[in-house]
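Reader: I am new to this structure and should be grateful for a close look at one part of it, set in the context of the chain around it.

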Amino acid sequence: QVQLVESGGGLVQPGGSLRLSCVASESILRTHFMGWYRQAPGKQREFVASVTSFGSTNHKDSLKDRFTISADDSKKTLYLQMNNLQPEDTAVYYCYANRNNWGQGIQVTVSS
């Protein structure tokens, strides 16, 4: 069982940036698959980005130019760099790790 704790969310103006962090209780290299998902009010939870233990990354197509996933195994931390944030990015962001481990979620609000 992997414990996940997210941080770095908050309120930001359109065009601003945030960097989310997810600290895991186990080595990311031994976790095989980790990622970020988000859920906006009234919508289903959706995939944002992921990384495997061998370094392969994947991003939602519509977010590839603005969001970047990365990991630092020495700190057992997963990151999501979010640039040029827009109101439609407002959601609760969740860190995920196999096998069916989820963080509590962290709010990101983009508003002027």
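Does histidine 59 count as buried or exposed, and at what relative accessibility?

Author: This is a predicted model, in which local features need pLDDT of at least 70 and side-chain atom pairs count only at pLDDT 80 or more, while totals for chains, interfaces and linings use all residues. Residues are numbered from 1 along each chain as its sequence is written, and side-chain values use heavy atoms, with hydrogens and water left out.

Histidine 59 counts as buried because its relative accessibility is 14%; buried means under 20% relative accessible area, exposed over 50% and partly exposed in between, with a 1.4 Å probe and protein chains only. Histidine 59 belongs to strand 6, residues 57–59 (a strand is a DSSP run of E, at least two residues, numbered from the N terminus). Beyond its neighbours within four places in sequence, histidine 59 is in contact with Phe47, Val48, Ala49, Lys64, Phe67, Thr68 and Ile69 (contact means heavy atoms within 4.5 Å). To isoleucine 69 there is also a polar link: a polar atom of the histidine 59 side chain lies 3.0 Å from the backbone nitrogen of isoleucine 69 (the limit for such an N or O pair is 3.5 Å, with one atom able to donate a hydrogen and the other to accept it).

Burial is found at the disulfide too, where cysteine 22 and cysteine 95 are both buried. The structure holds one disulfide (a pair of cysteine sulfur atoms within 2.5 Å), and in it the sulfur atoms of cysteine 22 and cysteine 95 are 2.0 Å apart. Its torsion about the S-S bond is -80 degrees, making the link left-handed. The pair links distant parts of the chain, 73 residues apart: cysteine 22 is in strand 3 (residues 18–24), and cysteine 95 is in strand 9 (residues 91–97).

The loops show some backbone features of interest. Most residues other than glycine have a negative phi, and most peptide bonds are trans. Arginine 99 lies in the loop between strand 9 and strand 10 (101–102), and the peptide bond leading to arginine 99 from asparagine 98 is cis, with omega near 5 degrees. Asparagine 100 is placed in the loop between strand 9 and strand 10; its phi is positive, near 60 degrees, and at 59% relative accessibility asparagine 100 counts as exposed. Lysine 76, in the loop between strand 7 (67–72) and strand 8 (77–82), has a positive phi of about 50 degrees although it is not a glycine. Lysine 76 is partly exposed, since its relative accessible area is 34%.

Notes. Helices (H or I, at least four residues) and strands (E, at least two) are DSSP runs, numbered from the N terminus.
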